[in-house]
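User: I am new to this structure. Please take a close look at the open sheet and what surrounds it.

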Amino acid sequence: MRKIAFIFPGQGAQYTGMGRDFYENYNRAKEVFAIAGKVSGMSMEELIFRENENLDITKYTQVAMLTVELAILKVLEENGITSSVNAGLSLGEYAALTASGGLSVRNALELVVKRGALMQDAVPTGGAMTAVMGLEASLVEEICGQVEGIVSVANYNCPGQIVISGEEEAVQEAAGKMKEAGAKRCIPLNVSGPFHSKMLVEAGEKLAEELEKVEIGELTTPYISNVTAEYVIEKEEVKGLLQQQVSSSVKWQQTVELMVSEGVDTFIEIGPKKTLSAFLKKIAPKAFSYHVETIKDMEELLEALKVDAK
């Protein structure tokens, strides 16, 4: 019997038209889009299915990505596909928490609308993020500590790929030192803020105020926090961890390693593109990996898992 994990990507994987075939063919997906439209006050169909500049702006990207991820998730559940554990990268953690029973679809979308706006407004200018390729995590951390100003690890994505984040000058200086130390490449990321750095602490504090208005449900399926790379056991832990997550490192590699150590052998990435599947090949190359972005993907997954589609 396979032990399945659902994994959900963060922003950066978005594109115009994502999730369209689920929307057009499943009422459950349409319902998620409708809820997202109500809580955001805008048409998700316009945002996601029509060419526009807003889709790449953080405060819109986050709700768009979550809408698509939850729409696909609900259709998978409708077709009998369930998981033993859930995890998501950054924004994707909200989808994972929903899959685990901690948030309703409405509450997850409401929180992410607020989160996206707060992160967008926290640092309108002066921040940067850079992907560092081919350097050990300990050396990346050491170099960040040698640089004046704010710069730290934002994401531990997979072996050989770490993202740093912070003040633009500090990030550039750190990247230069990392190249000197042997990094294969340092690639500036096209982002609208220094996410997962100390520059977002205030955004996390404001998010905490929104979290206080939301009830966290019982976790019917385990999920893993980005902040700790550990299982969240008690629902009372969730709000504090989501507050910290905005300005803390995302421990994705460590999260996948924990799941593998606990016997997870099958990972299903839910959402646009294959970002997490690519990371998985480097973290756990022997694991089974599936990606569901289209109905065809789902049908292939159903066949692979020998589950009859409804």
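Analyst: Here is a walk through the sheet, its helices and a few side chains.

This is a predicted model, where local features need pLDDT of at least 70, side-chain atom pairs count only at pLDDT 80 or more, and totals for chains, interfaces and linings use all residues. Residues are numbered from 1 along each chain as its sequence is written, and side-chain values use heavy atoms, leaving out hydrogens and water.

Start with the sheet. It is open, has 4 strands in the order 2-1-7-8, and pairs in parallel. Strand 2 (85-88) and strand 8 (288-292) form the edges, each pairing on one side only. From one strand to the next, the twist averages 20°. Strands (E, at least two residues) and helices (H or I, at least four) are DSSP runs numbered from the N terminus. Two strands pair if DSSP finds at least two bridges between them.

Now look inside the sheet. Strand 1 (residues 4-8) runs parallel to strand 7 (residues 266-270), joined over 4 bridges. Ala5 faces Phe267 of strand 7.

Helices pack here too. Helix 4 (residues 58-78) touches strand 1, strand 7 and strand 8, and its direction makes about 130° with that of strand 7. Helix 12 (residues 275-283) lies across strand 1, strand 7 and strand 8, at about 170° to strand 8. Contact means heavy atoms within 4.5 Å. Axes are lines fitted to C-alpha atoms, for helices over the stretch in contact; angles run from 0 to 180 degrees between N-to-C directions.

Stay on helix 4 for a side-chain pair. Glu77 and Lys74 form a salt bridge, at 3.3 Å from N to O. The term means a side-chain nitrogen of Lys or Arg within 4 Å of a carboxyl oxygen of Asp or Glu. The two are about one helical turn apart, because they sit 3 residues apart in helix 4. Glu77 is partly exposed, with a relative accessible area of 30%. Lys74 is buried, at 15% relative accessibility. Buried means under 20% relative accessible area, exposed over 50%, and partly exposed in between (1.4 Å probe, protein chains only). By this salt-bridge rule, the count comes to 7.

Last, step past edge strand 2. Ser90 sits in the loop between strand 2 and helix 5 (92-99). Most residues other than glycine have a negative phi. Ser90 has a positive phi, near 55°. Ser90 counts as buried because its relative accessibility is 11%.
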